[in-house]
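Trainee: Got a minute to go through this one with me? I'd like to start with the hollows and see where we end up.

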Amino acid sequence: VYKRQDLHNNQSWLMYGTFLTGGKLTNTMAIRWGSYKVKGFYDELIRVTGKPRPAADALCQYLRGLTDREIDEYKSAAEMAIHVMGVTFTVYTEEEGSIDRAWPFDIIPRIIPASEWLQIEEGLKQRVLALNLFIDDLYHDRNIVRDGVFPASLLKDSVNYRKQCVGINPPGGIWAHICGSDLVRDKDGTVYVLEDNLRVPSGVSYMLENRLVMKRVFPDLFEEQSILPVDDYPSQLYDMLASLSPRAIEQPEIVVLTPGIYNSAYFEHSYLAQQMGAELVQGSDLIVDKDDCVYMRTVEGMSRVDVIYRRVDDMFLDPEVFNPESRLGVPGLMRAWKAGNVALANAPGAGVADDKVVYSYVPEIIRYYLDEEPKIGNVPTYKCIDRNDRAYVLEHLDELVIKPANESGGYGMLIGPQATRKEREQFEKLIRRDPRNYIGQPLLTLSTAPTLIGNRVEPRHLDLRPFILSGPSSSYVTTGGLTRVALRKGSTVVNSSQGGGSKDTW
């Protein structure tokens, strides 16, 4: 390895020469797809025969031609790009508190054929449309409850139902303007929705940054292949938010409301505000005046705010209505929203549908409001609130995944086949004590994709989180989304807080 210094630009390069061993050139071929074994899973890039899927053929051929040294260079380039761009996520530990870590990224992308994606996109739009109709109905006439399709008891016990939102009419009847639905694929290739995130879904900034990293590392691949772009998401988000403005003006004042720098998603809050050209604010930057309008404090005086993209949970939004001790929200904000003087995205109360027990009713919700069959199915789900389902779950704890209704990030659940007897006994007590709070699902054999482990490719399980934007007159789905990958061998937990990483999605 030779290093040359450019004295004028104060930059240096590593210039790789040829290594000689016994008089012969060494050009180690790092990736041999013939030795990559799928082992009973659906693999996103490689078929059971060991040959690439058609959409992945060009990529696999390219990767086959790389040497160990070239792979190291690409990995180092990706790590350097992530460091320079400041892409981080925050984890919390009892020992060290909050820690910012570099975003874990794998340079082998996940590939989805465009023809398949068009079907998924239609299914996602259908799902979110039905969920918005469902939320609006719950805060108005409750026809779905009256008609016996959705149990009233579930609504009564919902921790995310906000009685303060009853009778409010957000623009277009849209409550969940930004939704992140997690998709998984089973071993037979079937795509399912695993859950819907309707409160303050996160992760889209990492989708965008993953693409920027890949363009820096593999610019030639983007020139040679027709990879659909994701770069337009910030402008799509801005246009959707602007369409909610209560004032018919050309450039409404849009702000991103963040809890602050210690929030685990603060990187995303600041990133999206910057990309949209919106102001990043905290609760102390806003005030509700006597006219029930929201104003932002600026160096030039007060400026009226039209739309708030809020990344603060419901219970901290307005101390006059929710938690009186909250310092993250804005006193009077709910008054301003109810009066129609400011738009909130997502709307308070949207989380009533962000519940894993409600999730189990989504197919019925789609049929009820749209008179259509779901275009993307749910994972088979047992409701512990149902006596027969609960009996089955308790008898099969060693086979099922048990999830609490409102936890996220992979926390609070039991993976039965991997759990100890003591852990299963503990969950049996939890289910018997509060059956409303738990569901059971079979342990899916999540699809895999080739992932670089050292200089070898090994299969790792993954999921996909596309983002759906819904405005009064249009909707938009990202072309692909955030692919999260379980970097630990055999693990199906993809969350970054628990050892997961991510890939670019082509």
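Mentor: Sure. One convention before we count linings: Ala, Val, Leu, Ile, Met, Phe, Trp, Tyr, Cys and Pro go down as nonpolar, Asp, Glu, Lys and Arg as charged, and the others, Gly among them, as polar. Also keep in mind that this is a predicted model.

Trainee: Okay. What volume does the second largest pocket have?

Mentor: About 330 Å³. It has 17 lining residues, and the closest to its centre are Lys 37, Lys 39, Val 457, Glu 458 and Pro 459.

Trainee: Which strand gives the most to that lining?

Mentor: Strand β23, residues 456-465, which puts in six residues.

Trainee: And how does the lining of that pocket split by class?

Mentor: Seven charged residues, six nonpolar and four polar.

Trainee: Now the closed spaces. How many cavities of 30 Å³ or more are there?

Mentor: Two. The largest cavity holds about 80 Å³ of space, and the second largest about 30 Å³.

Trainee: Which residues line the largest cavity?

Mentor: Glu 44, Arg 110, Ile 112, Glu 116, Ile 120, Leu 183, Val 184, Arg 185, Val 191, Asp 463 and Leu 464. In terms of elements, α3 (114-138), β8 (178-185) and β23 supply at least two residues each, with the largest share, three residues, coming from β8.

Trainee: What's the class split there?

Mentor: Six nonpolar, five charged and no polar residues.

Trainee: I see some opposite charges in that list. Which residues are linked in a network of salt bridges?

Mentor: Glu 44, Arg 110, Glu 116 and Arg 185. Those four names are also in the lining of the largest cavity. As a rule, side chains of opposite charge can pair when their charged atoms come close.

Trainee: How far apart are N and O in the Glu 116 and Arg 185 pair?

Mentor: 2.8 Å, in a salt bridge between the two side chains. That pair ties together distant parts of the chain, since Glu 116 sits in helix α3 and Arg 185 in strand β8, 69 residues apart.

Trainee: Is Arg 185 buried or exposed?

Mentor: Arg 185 has a relative accessible area of 5%, so it counts as buried.

Trainee: How many salt bridges does the structure hold?

Mentor: 25. For a local one, look at Glu 121 and Lys 125, where the closest N and O atoms are 3.6 Å apart.

Trainee: Where do those two sit relative to each other along the helix?

Mentor: They're four residues apart in helix α3, so about one helical turn separates them. Glu 121 is at 19% relative accessibility and counts as buried, because the cut-off for buried is under 20%. Lys 125, with a relative accessible area of 31%, is partly exposed.

Trainee: Back to the second largest cavity. Which residues line it?

Mentor: Ile 178, Arg 199, Val 200, Pro 201, Tyr 309, Arg 310, Arg 311, Ala 345 and Asn 346. By class that's five nonpolar, three charged and one polar.

Trainee: Which residue does Arg 310 form a salt bridge with?

Mentor: Asp 314, with the closest N and O atoms 2.7 Å apart. Arg 310 is buried, at a relative accessible area of 2%, and Asp 314 is buried too, at 6% relative accessibility.

Trainee: Switching topic: how many disulfides does a search of the whole structure find?

Mentor: Zero. Take Cys 165: the nearest cysteine sulfur belongs to Cys 179, and that is 18 Å away.

Trainee: Why is there no bond from Cys 179?

Mentor: Because its closest cysteine sulfur, in Cys 165, is 18 Å off, which is too far; a disulfide needs the sulfurs within 2.5 Å. Cys 165 is buried at 0% relative accessibility, and Cys 179 is buried at 0% as well.

Trainee: Last thing, β21. How many of its residues are buried?

Mentor: Four of the five, so strand β21 (residues 438-442) is mostly covered.

Trainee: Which strands pair with β21?

Mentor: Strand β18 (residues 382-383) pairs with β21 in the antiparallel sense over two bridges, and strand β19 (residues 400-404) does so, also antiparallel, over five bridges.

Trainee: What stands opposite Gly 440?

Mentor: Tyr 382, and also Ile 402.

Note on methods:
Residues numbered from 1 in each chain as written. Predicted model: local features only at pLDDT ≥ 70, side-chain atom pairs only at ≥ 80, totals over all residues. Heavy atoms only, no water. 1 Å grid on protein atoms, 1.4 Å probe; cavity = no way out; pocket = protein on both sides within 12 Å on 5 of 7 lines; lining within 4 Å. Points joined across faces, edges and corners; volume = space filled by probe spheres on them. Buried < 20%, exposed > 50% of the residue type's maximum accessible area, 1.4 Å probe, protein only. Pairing = 2+ DSSP bridges. Salt bridge = Lys/Arg side-chain N within 4 Å of Asp/Glu carboxyl O.
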